Amino acid sequence: MSLDAVLEKLDSDLPAATDRLMALLRIQSVSTDPAYKAECDRAADWLVADLESIGVSAEKRPTPGHPMVVGHVDGPGPHLLFYGHYDVQPVDPIELWDRDPFDPAIEDTEAGQVIRGRGASDDKGQLMTFIEACRAWKAVHGSLPCKITFFLEGEEESGSPSLVPFMKANADELKADIALICDTGLFESRVPAITTMLRGLLGEDFTITGPSRDLHSGMYGGIAMNPIRVLSKIITGLHDETGRITLPGFYDGVPEMSDEILSQWQGLGFDHEKFLGDVGLKEPAGEQDRMPLEMIWSRPTCDVNGIWGGYTGAGFKTVLPSKASAKISFRLVGTQDPDAIRKAFRAYLEDNLPPGFTVEYRTDKGAPASQMSIEDPAFEKARQALSDEWPDTAAYIGCGGSIPIAGYFKTITGMDSMLIGFGKDDDQIHSPNEKYDMESFHKGMRSWARVLAALIA
Ligand code: BES
Ligand code: MN
Ligand code: MN
């Protein structure tokens with residue numbers, strides 16, 4: 001059967017596919033840091049050339065930020081759009097890497113071979129699984145399986161500032177029957193999965209200022225209010241002792257999962273003790289009356305991502321600082337409104353500032369959560385195709401992370417998204433020593449070949 005020939009081609013081409021991924025991983029496409037602008041450009045050029053090599057007419061399309069890569073290939077229906085991102089997270093703390101993050105290598109580990117390097121799992125390895133499946137299809141059949149649009153972004157890791165304007169300006173060109181997004185993971189590193197729920201994200205980055213300059217803490221301590229003390233109290237007050245977030249109206253739009261969904265999640269047998277144990281923890285920190293999977297998939301959060309102020313250098317300095325700063329983010333679910341939550345947060349913060357204190361915000365937009373409808377028969381077809389490739393039956397799962405484009409595909413182009421990815425929980429994405437298992441890469445491309453075969457059937 002012709003799918004078997006494609007799968008065999010993927011098996012025999014694995015070394016060459018790995019070399020191609022390694023070449024892409026050597027490009028230092030860190031999107032947040034302007035110092036890497038030329039490298040982001042180079043990654044886009046590399047992808048344009050690679051897509052052209054499989055007969056896709058592809059272009060690097062400028063934006064005010066990093067370029068998008070858009071490619072089209074004509075063919076019979078259905079019309080699929082594939083999305084991935086070629087930008088990567090910064091590498092720091094660089095001293096915790098065991099090798100140069102941009103000099104990738106294949107390593108043998110107890111759990112099998114891994115491809116080590118920044119972006120191996122998030123998202124270069126993942127996006128190449130789809131391109132490799134297409135390459136093998138073309139080699140076997142002489143053309144791609146159907147009409148496909150490729151849409152590869154270079155700003156995902158820096159909040160996608162150019163994405164919405166670009167999608168609005170090119171909505172007709174980016175409209176397909178369904179979007180396939182490869183930027184998520186397997187369930188518990190093992191069970192293939194289609195992610196149907198993504199949390200939204202809202203960030204607040206701010207500085208509060210009390211005294212007009214840093215003060216001697218002997219001369220002023222006791223009479224002058226310390227902004228770090230004020231900030232600490234504000235942060236502490238965001239959660240109550242049961243783990244609930246205290247902002248008024250915060251839970252508006254947070255839905256209760258149906259009994260059907262909850263029992264399906266129960267059936268997944270999530271081992272939260274192992275999940276936490278693998279990172280040195282013991283107890284779930286969320287709302288105490290919720291099951292652990294709910295805490296990650298269907299409940300909103302508030303986390304302090306960074307906090308700074310005062311003297312942090314060597315030795316001791318008896319300073320009473322003028323300023324204190326923090327970056328706080330909220331993961332959102334259901335129909336929680338990022339703008340309303342920003343307002344509630346700012347009102348709470350400003351209510352808790354002592355007289356004379358000021359606050360300055362440096363913040364950009366937020367993105368709401370998204371929920372995929374799985375009514376389109378494409379979902380069951382893809383689920384069957386994934387189940388054929390992996391030892392376990394594929395599951396519909398939630399995801400604690402955020403991929404705002406899934407929501408934009410719906411609101412801007414009216415298209416549903418299907419999120420399929422092969423990352424594992426221990427891939428260390430965004431962290432030192434990021435890796436992608438060779439198994440994820442190999443079975444990932446085989447999975448896409450099967451999904452493509454199922455979707456055109
Ligand atoms: N690929 C991730 C999203 C993800 C995380 C999927 C964990 C599956 C498991 C994506 O690149 C990412 O990091 N998203 C950011 C949001 C973005 C706006 C910076 C996130 O979730 O923090
Ligand atoms: Mn990603
Ligand atoms: Mn990421």
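Modeller: Strands here are DSSP runs of at least two residues and helices are runs of at least four, both numbered from the N terminus. Keep in mind that this is a predicted model.

Colleague: Good, let's try that out. In which strand is the place of Asp 205?
Modeller: Asp 205 falls within residues 200-209. That run is strand E9.

Colleague: Is Asp 205 buried or exposed?
Modeller: The cut-off for buried is under 20% relative accessible area. Asp 205 has 13% relative accessibility, so this residue counts as buried.

Colleague: And which side chain does Asp 205 pair up with in a polar contact?
Modeller: There is a polar contact of 2.7 Å between two side chains here. One belongs to Asp 205, and the partner is Lys 327.

Colleague: On to the metals. Which residues are the protein donors of the manganese ion (ligand 2)?
Modeller: The donor atoms lie 2.0 to 2.5 Å from the ion. They are an NE2 atom, an OD atom of one aspartate, and two entries for OD of another. By name, the residues are His 85, Asp 122 and Asp 183.

Colleague: What arrangement do the six donor atoms around the manganese ion (ligand 2) make?
Modeller: For six donors to count as octahedral, opposite ones must be over 155 degrees apart and all others between 65 and 115. The angles around this ion run from 55 to 166°, and the low end falls outside that window, so the arrangement is irregular.

Colleague: How are the donor residues of the manganese ion (ligand 2) spaced in sequence?
Modeller: Take His 85 in strand E3 (residues 79-85) and Asp 122 in helix H4: they are 37 residues apart in sequence, so the pair ties those parts together. Both His 85 and Asp 122 are buried, too. Written as a pattern, the donor spacing is H-x36-D-x60-D.

Colleague: Now the other ion. Which residues coordinate the manganese ion (ligand 3)?
Modeller: The coordinating atoms sit at 2.0 to 2.6 Å. They comprise an OD atom, two OE entries from one glutamate, and an NE2 atom. The residues are Asp 122, Glu 157 and His 430.

Colleague: What about the arrangement of the six donor atoms around the manganese ion (ligand 3)?
Modeller: The octahedral window for non-opposite donors is 65 to 115 degrees, with opposite ones over 155. Here the angles span 55 to 155°, so the arrangement comes out irregular.

Colleague: Which residue bridges the manganese ion (ligand 3) and the manganese ion (ligand 2)?
Modeller: The two ions lie 3.5 Å apart, and the bridge between them is Asp 122. This residue in helix H4 (residues 120-141) also pairs with Glu 157, which sits in the loop between strand E6 (147-153) and helix H5 (163-169), 35 residues apart. Glu 157 is buried, and so is the bridging residue, Asp 122.

Colleague: Is His 430 buried, exposed or partly exposed?
Modeller: His 430 is in the loop between strand E17 (416-420) and strand E18 (435-437), with a positive phi near 70° although this residue is not glycine. Buried needs under 20% and exposed over 50%. The relative accessible area of His 430 is 38%, so the label is partly exposed.

Colleague: How much of the accessible area of ligand 1 does the protein cover?
Modeller: Of the 14 residues around ligand 1, those that come nearest are Glu 156, Asp 183, Arg 331, Ser 402 and His 430. A polar side-chain atom of Arg 331 lies 2.8 Å from an oxygen of the ligand, while N or O side-chain atoms of His 85 and Asp 122 are each 3.2 Å from a ligand oxygen. On its own the ligand has 520 Å² of accessible area, and the covered share is 79%.

Colleague: How do the residues of the shell around ligand 1 divide?
Modeller: They sort by side-chain type into three groups. The split is four nonpolar, five polar and five charged.

Colleague: Last one, on the backbone. Which residues does the cis peptide bond with omega of about 5° join?
Modeller: There is another cis bond, from Gly 77 to Pro 78, with omega near 0°, and Pro 78 lies in the loop between strand E2 (68-73) and E3. The bond you ask about leads into helix H4, the place of Asp 123. The joined residues are Asp 122 and Asp 123.

Definitions and conventions
Residues are numbered from 1 along each chain as its sequence is written. Chains are lettered from A and ligands numbered from 1 in the order in which they are written. This is a predicted model: local features need pLDDT of at least 70, side-chain atom pairs count only at pLDDT 80 or more; totals for chains, interfaces and linings use all residues. Side-chain values use heavy atoms; hydrogens and water are left out. Donors are N, O and S atoms within 2.8 Å of the metal (3.2 Å for Na, K and Ca); water is not among the atoms, so sites may look incomplete. Four donors count as tetrahedral if all angles lie between 85 and 135 degrees; four count as square planar and six as octahedral if opposite donors are over 155 degrees apart and all others between 65 and 115; anything else is irregular. Buried means under 20% relative accessible area, exposed over 50%, partly exposed in between (1.4 Å probe, protein chains only). A residue is near a molecule or strand if one of its heavy atoms lies within 4 Å of it. A polar contact is a pair of N or O atoms within 3.5 Å; within protein, one must be able to donate a hydrogen and the other to accept it, and residues adjacent in sequence count only if both atoms are side-chain atoms. Accessible areas come from the Shrake-Rupley method with a 1.4 Å probe; for residues, only the protein chains shown count as cover. Ala, Val, Leu, Ile, Met, Phe, Trp, Tyr, Cys and Pro count as nonpolar, Asp, Glu, Lys and Arg as charged, and the others, Gly among them, as polar.
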